Amino acid sequence: MKKNTFLSGMALLFTGSLFLTACGGGGSSSVNSSGDTSGTGNTKNAPAKTTLEKVWETDTSVRAPESALWDSAQKILYVSNIDGDGAAKDGNGFISQLAPDGKIVKLHWVDGLDAPKGLGMYQGMLYAADLDSLVIIDMKKAKIKTKIYIPGATFLNDIAVDDAGNVYMSDTRQGKVFLYANGKISIYLGSQEMKGANGLLWKNRKLWILAADGIYTYDTTSRKLNLFSDAVKGGDGLTAVNDSDLLASRWVGEVYYVKADGSADKLLDTRKKHFNTADITFLPDSQLLVVPTFTGNTVAAYKLTR
């Protein structure tokens with residue numbers, strides 16, 4: 001999940017409750033989507049050659065922004081806003097449109113959601129994970145086309161869409177990955193390794209899953225699940241830099257550069273500012289990392305230099 005500028009005074013209490021309900025899905029910190037503050041394995045501070053430099057940050061009109069998704073064809077950023085309790089069916093949730101320079105194009109692009117988190121898209125449809133439902137939005141009409149209830153889901157968190165349009169949804173509280181394909185819902189992955197499953201990514205014909213114990217890959221051909229890296233545990237967002245490298249966030253306020261060998265360098269730490277780093281996205285042409293700050297009520301962009 002991602003960034004925003006929500007904090008000060010009594011908001012600290014609000015932040016604590018959202019940490020449990022919006023990002024982590026409850027339970028102990030070792031299981032939730034942000035993980036505990038010591039949940040890293042083979043990591044180190046990033047070398048000087050790999051850096052993040054803030055380029056822009058929105059104002060605080062966005063409300064508990066959780067996920068950002070880059071649409072390279074339309075040159076637009078989509079941002080999910082929870083705007084309230086991250087586990088409540090209150091109808092407050094909405095989707096915003098941002099320009100690549102951070103300007104808010106349309107704050108309430110689509111309304112009528114509850115607590116939307118992860119986003120995905122395929123052939124003109126935007127998909128949003130909304131607690132126990134998959135919301136499908138017609139991007140051209142800017143209207144909700146349908147809401148599909150996912151039996152057994154309680155805290156859908158992130159979304160990935162493969163090359164054929166199949167939609168994968170993580171449920172952090174259930175430790176499962178659901179699949180929506182050919183109009184049907186099924187449990188795609190559900191094992192001990194999926195504990196705390198959050199960030200999802202479709203890359204190199206594999207499903208990548210950021211879970212409590214690290215980053216896993218699932219080969220849909222061989223049907224084999226492998227631990228790719230234990231460098232970032234209990235993470236939140238996962239996005240590709242190129243064919244080999246990744247960026248991974250931990251909701252507590254950390255972003256890591258994960259290399260092809262599975263090792264990771266910490267690039268960003270906003271914990272002292274009480275800014276979260278939720279479900280991130282990356283703009284390859286401009287080398288921009290976009291981070292929803294969640295409790296900060298902003299979205300920030302950082303230039304990646306290697």
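Six bridges tie E3 to strand E4 (residues 76-81), and the two run antiparallel. Within that pairing, Pro-65 finds its bridge partner in E4 at Asn-81. This comes from a predicted model. Strands of a sheet are held to one another by backbone hydrogen bonds, in either a parallel or an antiparallel arrangement. Here, the sheet is an open one of four strands, ordered E3-E4-E5-E6, with antiparallel pairing. Strand E3 (65-71) and strand E6 (104-113) sit at the edges, each pairing on one side only. From one strand to the next, the twist averages 20°.

E3 also turns up in the largest pocket, which has a volume of about 850 Å³. The lining takes in 35 residues, and those closest to the pocket centre are Leu-69, Trp-70, Met-121, Leu-201 and Thr-281. Two or more lining residues come from each of E3, strand E7 (116-122), strand E11 (156-161), E15, strand E19 (238-240) and strand E23 (281-283). E3 gives the most, with five residues.

As for the nonpolar interior, the largest core has 16 residues, and the ones with the most contacts inside it are Tyr-168, Val-177, Tyr-188, Leu-189, Met-194, Leu-207 and Ile-209. At least two core residues apiece are supplied by strand E13 (176-181), strand E14 (184-190), strand E15 (200-203), strand E16 (206-211) and strand E17 (214-219). Leaving aside residues up to four places away in sequence, Tyr-168 touches a list of residues that includes Asp-158, Val-177, Phe-178, Tyr-188, Trp-202, Leu-207 and Thr-220. There is also a second, separate core of 15 residues, with Ala-129, Ile-136, Ile-148 and Met-169 among them.

Technical notes. Residues numbered from 1 in each chain as written. Predicted model: local features only at pLDDT ≥ 70, side-chain atom pairs only at ≥ 80, totals over all residues. Heavy atoms only, no water. Core = buried A, V, L, I, M, F, W, Y, C linked by side-chain atoms within 4.5 Å. Buried < 20%, exposed > 50% of the residue type's maximum accessible area, 1.4 Å probe, protein only. Contact = heavy atoms within 4.5 Å. Pairing = 2+ DSSP bridges. Axes fitted to C-alpha atoms, helices over the stretch in contact; angles between N-to-C directions. 1 Å grid on protein atoms, 1.4 Å probe; cavity = no way out; pocket = protein on both sides within 12 Å on 5 of 7 lines; lining within 4 Å. Points joined across faces, edges and corners; volume = space filled by probe spheres on them.
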